[in-house]
Amino acid sequence: MLTLAPDIEVLARFGRALADPIRCRILLALREAPAYPSDLADILGVSRTRLSNHLACLRDCGLVVTVPDGRRTRYELADERLGHALDHLLAAVVAVESDKTCPDAATKDCC
């Protein structure tokens with residue numbers, strides 16, 4: 001059971017990061033390889049301004065870091081274990097039967 005505030009805060013930050021589809025796509029792209037913001041914007045089909053806001057959120061959540069590369073800045077996952085965690089999370093979610101939904105889905109607009 002999680003009882004320590006730091007553990008709960010870490011999970012809340014991770015949840016916040018995953019709560020937005022663009023941030024999820026960024027994390028999945030960075031799971032494959034580090035990237036520059038301009039390349040990520042092109043890959044994801046979003047404006048650089050919008051991407052910048054999402055990257056700032058991911059930095060604040062402690063999930064990505066910047067790496068200076070000459071005059072450019074590259075982004076990568078803060079820890080390689082995050083890539084493995086995303087793989088495990090995806091595998092766990094895919095393993096759930098597709099015909100089962102959250103019992104609150106109709107009333108709470110979730111899932």
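Before I turn to the strands, one term: two strands are taken to pair if DSSP finds at least two bridges between them. Please keep in mind throughout that what we have here is a predicted model.

With that in hand, let me take the hairpin. Strand β1, residues 64-69, and strand β2, residues 72-77, pair in the antiparallel sense, and six bridges join them. To give one example of these partners, threonine 66 in β1 is bridged to tyrosine 75 in β2. The two strands form a hairpin with two residues between them, and in that turn glycine 70 has a positive phi of about 65°.

Now to the helices, beginning with α2, residues 21-32, and α3, whose axes come within 11 Å and cross at roughly 115°; the crossing of α2 past α3 is right-handed. On the α2 side the contact is made by Ile22, Arg25, Ile26, Ala29 and Leu30, and these meet Leu40, Ile43 and Leu44 in α3. Sorted by class, that contact has seven nonpolar residues, no polar ones and one charged.

Helix α3, residues 37-44, also meets α4, residues 48-60, and here the axes come within 9 Å and cross at roughly 110°. Because angles of 65 to 115 degrees count as roughly perpendicular, α3 is described as roughly perpendicular to α4. Which residues in α3 and α4 meet? From α3 they are Pro37, Ser38, Leu40, Ala41 and Leu44, and from α4 they are Arg48, Leu51 and Leu55. By class, this contact of α3 with α4 has six nonpolar, one polar and one charged residues.

Technical notes. Residues are numbered from 1 along each chain as its sequence is written. This is a predicted model: local features need pLDDT of at least 70, side-chain atom pairs count only at pLDDT 80 or more; totals for chains, interfaces and linings use all residues. Side-chain values use heavy atoms; hydrogens and water are left out. Helices (H or I, at least four residues) and strands (E, at least two) are DSSP runs, numbered from the N terminus. Axes are lines fitted to C-alpha atoms, for helices over the stretch in contact, and angles run from 0 to 180 degrees between N-to-C directions. Angles under 35 degrees count as roughly parallel, over 145 as roughly antiparallel, 65 to 115 as roughly perpendicular and the rest as oblique. Contact means heavy atoms within 4.5 Å. Ala, Val, Leu, Ile, Met, Phe, Trp, Tyr, Cys and Pro count as nonpolar, Asp, Glu, Lys and Arg as charged, and the others, Gly among them, as polar. A crossing is left-handed if the near helix is turned anticlockwise from the far one by less than a right angle, and right-handed if clockwise.
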